[in-house]
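Open your viewer and keep the selection tool ready. We will go stop by stop.

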Amino acid sequence: MRSVKRTLSIQDISCFGRCSLTVALPVLSAMGIETAILPTAILSTHTGEFKGYTFCDLTSEIPPITAHWKKEGITFDSIGTGYLGSDEQINTVSDIIDSFGKDALIFVDPVMGDHGRLYAGFADDFPAKMAKLCGKADIIVPNLTEAALLLGEAYVSSGYDEAYIHGVLRRLTDKLGCPVAVLTGVVYEPTRQGAVAYDARNDRFYEYFGENIPATFHGTGDVFSSSLCGALTLGAELTEAIAVAVDFTLDAIRYTLPERETYWYGVNFESALCDLAAKAKKINNK
Ligand code: PXL
């Protein structure tokens, strides 16, 4: 038994811009988790609001890396995936889950879009491929845009109620085949925003809401999902884990707000890491 939990984070490196691995690695490390990385691509920046970014696909590097790990007998307590840049990468990640995932928590963030639209560079059939990968997960963490894309349903941006959100969560677990789904960015009333989770194994819903800060920031999905994956890897219950992730994301947004003009590309999560580390320590000591 290792004394420190070990996770594998599979997603791109956007060299500048506070997202994907430049968020997941510091967040998971601050939570006291040994974090191995598998960079799927290297970009100069994320594709959000930047133009003219570079993109170097690293897919061909992945099989030799994981073959070496197999030889070394390396294992993981959890495997978390984020932004994946191609169909081929989805297949490669699917193979990694088959090969390393037997005793690991499989956490898939189906990063594909926001505000009702696919991110730049994704083909229209990408969501169906991502839906298949979600079927291999123990837990998935889509926003409302990604949930609609995964289900092939129309995107509903606002004005929905609890029955709608619960229906989406039931359909996600039912159609995709993963036991747990967490929907992020849920707003039932203008002053509150949070996450709603459904565990199909016990047919229970869990939710946690905080202040709704009426502004959008790039990278908050990655901040939420890395802290959620970290809390679950440490053994937190789902209900505690979503509270940790919502509060950490809100803290990062609050630190960013006074310098919004400077940090238009991603949130100041670094200033919130100390409080997150303290919470992670408490989970670890339980
Ligand atoms: O934050 C998600 C993300 C990750 N990686 C890349 C992205 C995005 C979102 O735009 O472009 C490269």
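How far does a polar side-chain atom of H218 lie from an oxygen atom of the ligand? Select H218 and the ligand to find out. The distance is 3.1 Å. Keep in mind throughout that this is a predicted model.

**Stop 1: around the ligand**

Stay with the ligand and show what surrounds it. You should find 13 residues there. The closest are D12, S14, T47, H218 and D222. Now pick D222. One of its polar side-chain atoms lies 2.8 Å from an oxygen atom of the ligand. Move on to D12. Here the ligand offers a nitrogen atom, 2.8 Å from an N or O atom in the D12 side chain.

**Stop 2: the sheet**

Hide the side chains and show the strands. Nine of them form an open sheet with mixed pairing. Trace the strands across in this order: β3-β2-β1-β4-β5-β8-β9-β10-β11. Which strands stand at the edges? Select 55-57 for β3 and 204-211 for β11. Each has a single partner strand, so one side of each is left without a neighbour in the sheet.

Next, select residues 78-81, which are β4, and residues 105-108, which are β5. These two strands pair in the parallel sense, over four bridges. Click on S78. Opposite this residue, in β5, stands L105.

**Stop 3: helices α3 and α4**

Select residues 87-100 for α3 and residues 126-134 for α4. Their axes come within 10 Å and cross at roughly 0°. An angle under 35 degrees counts as roughly parallel, so α3 is roughly parallel to α4.

Now show the side chains between them. From α3, the contact uses D87, I90, V93, S94 and I97. From α4, it uses F126, K129, M130 and L133. Colour the contact of α3 with α4 by class: six residues are nonpolar, one is polar and two are charged.

**Stop 4: helices α8 and α9**

Last, select residues 238-256 for α8 and residues 273-285 for α9. Are these helices roughly parallel or antiparallel to each other? Look at the angle: the axes come within 10 Å and cross at roughly 170°. The helices are therefore roughly antiparallel.

Show the contact residues here too. On α8 they are E240, V244, D247, F248 and D251. On α9 they are L273, D275, L276, K279 and I283. Colour the contact of α8 with α9 by class as before. Five residues are nonpolar, five are charged and none is polar.

Notes: Residues are numbered from 1 along each chain as its sequence is written. This is a predicted model: local features need pLDDT of at least 70, side-chain atom pairs count only at pLDDT 80 or more; totals for chains, interfaces and linings use all residues. Side-chain values use heavy atoms; hydrogens and water are left out. Two strands pair if DSSP finds at least two bridges between them. Axes are lines fitted to C-alpha atoms, for helices over the stretch in contact, and angles run from 0 to 180 degrees between N-to-C directions. Angles under 35 degrees count as roughly parallel, over 145 as roughly antiparallel, 65 to 115 as roughly perpendicular and the rest as oblique. Contact means heavy atoms within 4.5 Å. Ala, Val, Leu, Ile, Met, Phe, Trp, Tyr, Cys and Pro count as nonpolar, Asp, Glu, Lys and Arg as charged, and the others, Gly among them, as polar. A residue is near a molecule or strand if one of its heavy atoms lies within 4 Å of it. A polar contact is a pair of N or O atoms within 3.5 Å; within protein, one must be able to donate a hydrogen and the other to accept it, and residues adjacent in sequence count only if both atoms are side-chain atoms.
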